[in-house]
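Hi,

Here is the structure I said I would pass on. Have a look at it first, and then read on for what turned up.

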Amino acid sequence: MKARLLKILREADGFAVSQKIMLAQLGCREVELAAVITELNGQGYDIRGVSDGYQLVRSPDTPWPWEFSGRQERIHYLAEVGSTMDVARDLAAAGCPDLTVVVAGIQTRGRGRMDRSWYSDDGGLYFTLVTRPAVSPEEGFQVNFMACAALVRTLRRLAAIPAEGKWPNDILCDGRKLAGMLSEMDAPTGMINYVNIGIGVNLNNCPAERESRAVSLKELTGRRFSRREVLQGFLASFEADYSAGDFGGAVLRWKGCAGSLNREVTVVTRRETVRGTAEDVDRDGALLLRLPDGKRRKVIYGDCFYSGSDKG
Ligand code: BTN
């Protein structure tokens with residue numbers, strides 16, 4: 001009902017719609033319409049009663065489920081949460097549908113890769129996507145590269161910025177970190193139960209206050225971005241690739257929008273620091289480095305830093 005009601009009001013482009021028309025289109029009674037409007041106003045909308053109808057004056061930038069047409073049942077919005085990874089893990093374990101999304105206003109215990117925390121204050125976009133790809137556990141990482149490429153496309157399109165992927169799944173712009181991804185896989189019986197992809201995007205927040213190598217879309221462009229619009233754009237882009245099922249081509253597509261190859265890098269893993277030239281990312285998603293002594297080295301997971309730059 002909320003989605004349909006908002007659609008009617010938005011189609012009027014800021015003008016009022018008569019109550020009679022709304023009741024007829026929604027097939028409800030006056031008292032039900034008034035109750036839903038009261039509820040929406042309590043959820044941040046500004047819908048005003050005018051002579052014989054209603055007018056939508058403002059919508060909040062809150063990713064309420066009903067704003068995601070066709071995906072409404074799969075969107076879970078929480079104003080504040082410890083980490084969306086934890087909620088998504090519980091939902092996935094309880095059997096939630098493929099492509100369920102947990103999105104939060106702020107996170108009080110946001111997690112990053114390599115046991116770091118992810119500072120998640122107001123204005124950023126923080127969500128975890130539950131996926132259940134029909135691939136083997138060895139190939140499960142492909143879905144991360146698919147998500148990274150989809151997010152790069154979305155940010156380039158919405159903000160007209162030269163965003164690019166950095167191995168394994170960061171997104172940079174002008175060498176500064178715009179978004180990060182963290183994934184958790186569950187494959188207890190040799191088959192994937194879920195791969196949860198947690199994504200944090202610096203949108204309207206100021207991450208550089210805490211982390212000089214980070215930047216937000218707002219800082220890059222000088223304007224604010226809608227969390228809802230970025231999430232909708234990402235989901236449309238990702239779901240198109242995901243439903244096409246070309247997981248094998250995900251790394252290739254990621255390479256097409258990544259800036260990590262053919263450059264000097266330092267990769268920090270849990271056990272060591274390796275320097276070399278990033279030559280390729282193989283079918284397993286591992287980074288192939290050419291070491292100074294000419295030998296080749298495969299790195300499965302770690303943090304990658306571009307040499308000769310204090311950024312990235
Ligand atoms: C990284 O670059 O280290 C990965 C950061 C991932 C952050 C996101 S925000 C949404 C989801 N919930 C979390 O606690 N972490 C991920």
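Let me start with a loop: Pro-168 sits between strand E7 (164-166) and strand E8 (170-173). Keep in mind that this is a predicted model. The peptide bond leading from Trp-167 into Pro-168 is cis, its omega being near 0 degrees. The loop that follows E8 and runs to E9 has something for you too, as Asp-174 is located there. Asp-174 is not a glycine, yet its phi is positive, near 50 degrees.

Now for the ligand. There are 20 residues around the ligand, and those that come nearest are Ser-83, Gln-107, Arg-111, Arg-113 and Lys-177. If you sort the shell by class, you get nine polar, six nonpolar and five charged residues.

A few side chains are worth clicking on. Ser-83 has a side-chain N or O atom 2.7 Å from an oxygen atom of the ligand. With Gln-107, the ligand partner is a nitrogen atom, 2.9 Å from an N or O atom of the side chain. Thr-84 also has a side-chain N or O atom placed 3.0 Å from a nitrogen atom of the ligand. As for burial, the ligand on its own has 410 Å² of accessible area, and the protein covers 99% of that.

Which elements each supply at least two residues of the shell around the ligand? They are helix H4 (84-93) plus three strands, E6 (125-131), E9 (176-186) and E10 (194-201). E9 has the largest share of that shell, with four residues.

On to the pockets. The ligand sits in the largest one, which holds about 720 Å³ of space. Its lining runs to 37 residues, and nearest the centre you will find Arg-116, Ser-117, Trp-118, Lys-177 and Glu-211. Two or more lining residues come from each of H4, E6, E9, E10 and strand E15 (303-306). E9 gives the most to this lining, again with four residues. By class, the lining has 13 nonpolar, 12 polar and 12 charged residues.

Lys-177 is a handy residue to centre your view on: it is among the residues that come nearest the ligand, and also among those nearest the centre of the largest pocket.

What about the second largest pocket, how much space lies in it? About 370 Å³. It is lined by 23 residues, with Phe-141, Asn-144, Phe-145, Asp-284 and Ile-300 nearest its centre. Helix H5 (142-159) and E9 are the elements that give two or more residues to that lining. E9 gives the most here as well, with four residues. The lining splits into 12 nonpolar, six polar and five charged residues.

So if you want one element to follow through the model, try E9. E9 has the largest share of the shell around the ligand, gives the most to the lining of the largest pocket, and does so for the second largest pocket too.

Cheers

Notes:
Residues are numbered from 1 along each chain as its sequence is written. This is a predicted model: local features need pLDDT of at least 70, side-chain atom pairs count only at pLDDT 80 or more; totals for chains, interfaces and linings use all residues. Side-chain values use heavy atoms; hydrogens and water are left out. A residue is near a molecule or strand if one of its heavy atoms lies within 4 Å of it. A polar contact is a pair of N or O atoms within 3.5 Å; within protein, one must be able to donate a hydrogen and the other to accept it, and residues adjacent in sequence count only if both atoms are side-chain atoms. Accessible areas come from the Shrake-Rupley method with a 1.4 Å probe; for residues, only the protein chains shown count as cover. On a 1 Å grid over the protein atoms alone, a cavity is a set of points where a 1.4 Å probe fits but cannot get out, and a pocket is an open set with protein on both sides within 12 Å along at least five of seven lines; lining residues have an atom within 4 Å of a point. A molecule sits in a cavity or pocket if more than half of its atoms lie within 2 Å of its grid points. Ala, Val, Leu, Ile, Met, Phe, Trp, Tyr, Cys and Pro count as nonpolar, Asp, Glu, Lys and Arg as charged, and the others, Gly among them, as polar. Grid points are joined across faces, edges and corners, and a volume is the space filled by probe spheres set on the points.
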